[in-house]
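Work through the exercises below with the sequence and the structure at hand, and try each task before reading its solution.

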Amino acid sequence: MENDNKRIEKIVRGYLRYLKLQRGYSKNTLDAYRLDLEKLTSYLAGEGKEVTDVQLTDLQHFAASLHDIGIGPRSQCRILSGVRSFCRYLQTDGYIDNDPSELLESPVLGTHLPEVLSSDEVDLLENSIDLSKWEGHRNRAIIETLFSCGLRVSELVNLKLSDLFLKEQYVRVFGKGSKERLVPISPKAIRELRYWFKDRDEMNIKAGEEDYVFLNRRGAHLTRTMILIMIKQQAAQAGITKTISPHTLRHSFATALLEGGADLRAIQAMLGHESIGTTEIYTHIDMSTLRQQILEHHPRNMK
């Protein structure tokens, strides 16, 4: 049994190494894949099966078990997508002859339209910040940079001073798979950054952290959780009742561009989406906004 466990661990390590070296996945993505695979291997171990013996019915029962333990449809889809990727790897590397996941179905998801903030609501969020606190200008710069550039929170926390080209008004961003893209930055965001830099220059910065744009009180770069907590607290202070997160500002960036007439391909490039299909969700948001405008302002709908 111990030898079997070591063999499975070796296969999983090889798969994760493949994802890192061949697919260029980040540490956060690799951690997510590893945790999802642990769910699968743990389930199969309970059924007395190894990953190299798995059949379609085993995977279907595993999918049903995810539902039984309360994992939502969207998370189920993500986990099962990872299972399919792992099965393809097993077949490609000769561990199995046939891919048992080819006919594995995922839960059907309805169209989920993410929350967005208007420019006025973003202003409300920023104006609620107490600038007398040491982190005040930093937090305003964070919110404005997220909204003006449409960054993922992971991209923001890893943003370096050497990635800023403020004179040219763009930033260099390393997205998923370390893919590089150049994103314009607004004059307002540049102004907020420069206010923050005045405070940053007075800090004692930890060795090795000198190039990070956004730092915590101890002079180390911020984490994604710190940004999430800050934005939720700030939304509460601003009286914004929508359920928002750092990603909401990214959605708001894309929606504002679309409503302003930007081409969908340009938005895809700015967001760093690999597939145009991911970007197309914003057309649904724009259409829902348009529908609401028609209902409110068309003469046939006005009493």
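**Exercise 1. Find where Gln 169 is located, and describe its backbone and its accessibility.**

Step 1. In this predicted model, Gln 169 belongs to the loop that runs between strand E1 (164–165) and strand E2 (170–174).

Step 2. The phi angle of Gln 169 is near 65°, which is a positive value in a residue other than glycine.

Step 3. The relative accessibility of Gln 169 is 39%, and partly exposed covers the range between 20% and 50%, so Gln 169 counts as partly exposed.

**Exercise 2. Work out how E1, E2 and E3 are paired.**

Step 1. Begin with E1 and E2, which pair in the antiparallel sense over 2 bridges; Phe 165 has Tyr 170 in E2 as its bridge partner.

Step 2. These two strands form a hairpin with 4 residues between them, and Gln 169, with its positive phi, sits in the turn.

Step 3. Continue with E2 and strand E3 (residues 180–184), which also pair in the antiparallel sense, here over 5 bridges; in this pairing Val 173 stands opposite Arg 181 in E3.

Step 4. The hairpin of E2 and E3 has 5 residues between the strands, and Gly 177 takes a positive phi near 70° there.

**Exercise 3. Sort the side chains of E2 by the face to which they point, and state which are buried.**

Step 1. As a general rule, the side chains of a regular strand alternate between the two faces of the sheet.

Step 2. In E2, Val 171 and Val 173 point to one face and are buried.

Step 3. Tyr 170, Arg 172 and Phe 174 point to the other face, and these residues are not buried.

**Exercise 4. Examine two of the aromatic pairs and say which parts of the chain they tie together.**

Step 1. The count of aromatic pairs comes to 10. One of them joins Tyr 43 and Phe 62, whose rings are 5.6 Å apart centre to centre with 55° between the planes, an arrangement classed as tilted.

Step 2. Tyr 43 lies in helix H2 (residues 27–46) and Phe 62 in helix H3 (residues 56–68), so the pair ties together parts that are 19 residues apart in sequence.

Step 3. Buried means under 20% relative accessible area, and therefore Tyr 43, at 19%, is buried, as is Phe 62, at 2%.

Step 4. Trp 134 and Trp 196 form another tilted pair, with 6.4 Å centre to centre and 50° between the planes.

Step 5. Because Trp 134 lies in the loop between helix H5 (119–127) and helix H6 (136–149), while Trp 196 lies in helix H8 (residues 187–200), this pair ties together parts that are 62 residues apart in sequence.

Step 6. Trp 134 is partly exposed, with a relative accessible area of 25%, whereas Trp 196 is buried, with a value of 0%.

**Exercise 5. Identify the residues of the aromatic cluster, and find the ring that Lys 160 lies over.**

Step 1. One aromatic cluster is formed by Tyr 15, Tyr 18, Tyr 25, Tyr 33, Phe 86, Tyr 89 and Tyr 95.

Step 2. Lys 160 lies over the face of Tyr 212, at 4.8 Å from the ring centre.

**Exercise 6. Describe the protein chain as a whole.**

Step 1. The secondary structure comes to 13 helices and 3 strands, and 42% of the 303 residues count as buried.

Step 2. Among contacts with a separation of 6 or more, 55% are accounted for by residues 24 or more positions apart.

Step 3. The protein chain exposes about 17300 Å², of which carbon and sulfur atoms supply 50%.

Terms used: Residues are numbered from 1 along each chain as its sequence is written. This is a predicted model: local features need pLDDT of at least 70, side-chain atom pairs count only at pLDDT 80 or more; totals for chains, interfaces and linings use all residues. Side-chain values use heavy atoms; hydrogens and water are left out. Buried means under 20% relative accessible area, exposed over 50%, partly exposed in between (1.4 Å probe, protein chains only). Contact means heavy atoms within 4.5 Å. Accessible areas come from the Shrake-Rupley method with a 1.4 Å probe; for residues, only the protein chains shown count as cover. Two strands pair if DSSP finds at least two bridges between them. Rings of Phe, Tyr and Trp (its six-membered ring) pair if their centres lie within 6.5 Å; planes under 30 degrees apart count as stacked, over 60 as edge-to-face and the rest as tilted. A charge sits over a ring if NZ of Lys or CZ of Arg is within 6 Å of the ring centre and within 35 degrees of the ring normal.
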